[in-house]
Amino acid sequence: MEPVETTGAHKKKANIEIREMEIDDLATVFHLGERLFTAREVPNLYRTWDEYEVISLFQTDEEFCLVAEAEERIVGFALGTTVTKSRSAWKYGYLIWLGIDPDYHGQGVGSKLFHRFRDLMLASGVRILLVDSEADNLPALHFFRKMGFGSPQQHIYLTLNLDPQLRQLREKKTNGKTHSRYKLHEDE
């Protein structure tokens, strides 16, 4: 193995193993994603990185949840699903989350995860694989182009904060009065 240069320092390329995620990996994957997908780093992220997202994907699509291990620790993950559309014979694969520990960038972790994920999708009968990324996430766009993705489509995501209307609705329901959430019987 030859060293890989990263940000001026020399690092030895790690031996990376890709395997299916196990239930005991959930917390580690969640915490790594928590470090990677922050609101400050990705302010326009329309999907929410939270424990329910990770658990839900693991429960529904366990076979499409992968981890990368190096030196007996998880250093990356890929989480995805398949989508079928009514009146369509095509099955789509969707790589929802791909995260790599920054200490392992440039060591082929992402490529190994992606290739295993792609192979699982092929074995599942997927005909088109989808990913999405922010338009200004140049490293991700470069990576996905390198993996063979093309035909980028621009998407515009709009937000509407419903909090003022929600407060107004709650006030209307309570006629402007604050009610206790719990009612106690007189004898309690």
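Which residue in β5 is the bridge partner of Ala 70? Keep that one in mind, everyone, and thanks for coming. What I'm showing today is a predicted model. The answer is Arg 73, and that pair is a handy way into the sheet.

Let me start with the sheet as a whole. It is an open one, built from 5 strands in the order β3-β4-β5-β6-β7, with mixed pairing. At the edges sit β3, residues 17-20, and β7, each of which pairs on one side only. From one strand to the next, the twist averages 25°. As a quick reminder, strands of a sheet pair through backbone hydrogen bonds, in either a parallel or an antiparallel sense.

Now let's follow β4, residues 65-70. How many of its 6 residues are buried? The count is 6 of 6, so β4 is largely enclosed by the rest of the structure. If you look along the strand, Cys 65, Val 67 and Glu 69 point one way, while Leu 66, Ala 68 and Ala 70 point the other way, and all of them are buried.

On the pairing of β4, there are two neighbours to mention. With β3, the strand pairs in the antiparallel sense over 4 bridges. With β5, residues 73-84, the pairing is also antiparallel, over 6 bridges. Glu 69 is a nice residue to click on here. Glu 69 is the bridge partner in β4 of Glu 17, and Glu 69 in turn has Ile 74 as its bridge partner in β5.

Next, the turn. The hairpin of β4 and β5 has 2 residues between the strands. Glu 71 lies in that loop, and so does Glu 72. Are they buried or exposed? Glu 71 counts as exposed because its relative accessibility is 62%. Glu 72 is exposed as well, with a relative accessible area of 80%.

Their backbones deserve a look, too. Most residues other than glycine have a negative phi. Glu 71, however, has a positive phi near 50°, and Glu 72 has a positive phi near 60°.

Let's move to the other edge of the sheet. Strand β7 covers residues 128-130 and includes Ile 128. Ile 128 is partly exposed, with a relative accessible area of 31%. Together with Trp 90 and Leu 130, Ile 128 forms a nonpolar patch on the surface, and the three have about 230 Å² of accessible area together.

Now for two helices, beginning with α4, residues 138-146. Which residues of α4 are buried? They are Ala 140, Phe 143 and Phe 144. These three cover an arc of only 95° around the axis, which puts them on the same side of α4. The general background is that an α-helix has 3.6 residues a turn, so residues three or four places apart point the same way. On the face of α4 turned away from the buried side, you'll find the exposed residues Leu 138, His 142 and Lys 146.

Finally, helix α5, residues 163-173. Of its 11 residues, the number buried is 0, so α5 lies largely in the open. After α5 comes Asn 175, with a positive phi near 55°.

To wrap up, here is a path for you to trace on screen. Start at Ala 70 and its bridge partner Arg 73, stop at the exposed Glu 71 in the loop, and finish at the patch of Trp 90, Ile 128 and Leu 130. Thanks, and happy clicking!

Conventions: Residues are numbered from 1 along each chain as its sequence is written. This is a predicted model: local features need pLDDT of at least 70, side-chain atom pairs count only at pLDDT 80 or more; totals for chains, interfaces and linings use all residues. Side-chain values use heavy atoms; hydrogens and water are left out. Buried means under 20% relative accessible area, exposed over 50%, partly exposed in between (1.4 Å probe, protein chains only). Patches are made of residues with over 30% relative accessible area and no salt bridge: like charges are joined within 9 Å, nonpolar side chains (Val, Leu, Ile, Met, Phe, Trp, Tyr) within 5 Å. Accessible areas come from the Shrake-Rupley method with a 1.4 Å probe; for residues, only the protein chains shown count as cover. A salt bridge is a side-chain nitrogen of Lys or Arg within 4 Å of a carboxyl oxygen of Asp or Glu. Two strands pair if DSSP finds at least two bridges between them. Axes are lines fitted to C-alpha atoms, for helices over the stretch in contact, and angles run from 0 to 180 degrees between N-to-C directions. The arc is that of the directions from the helix axis to the C-beta atoms.
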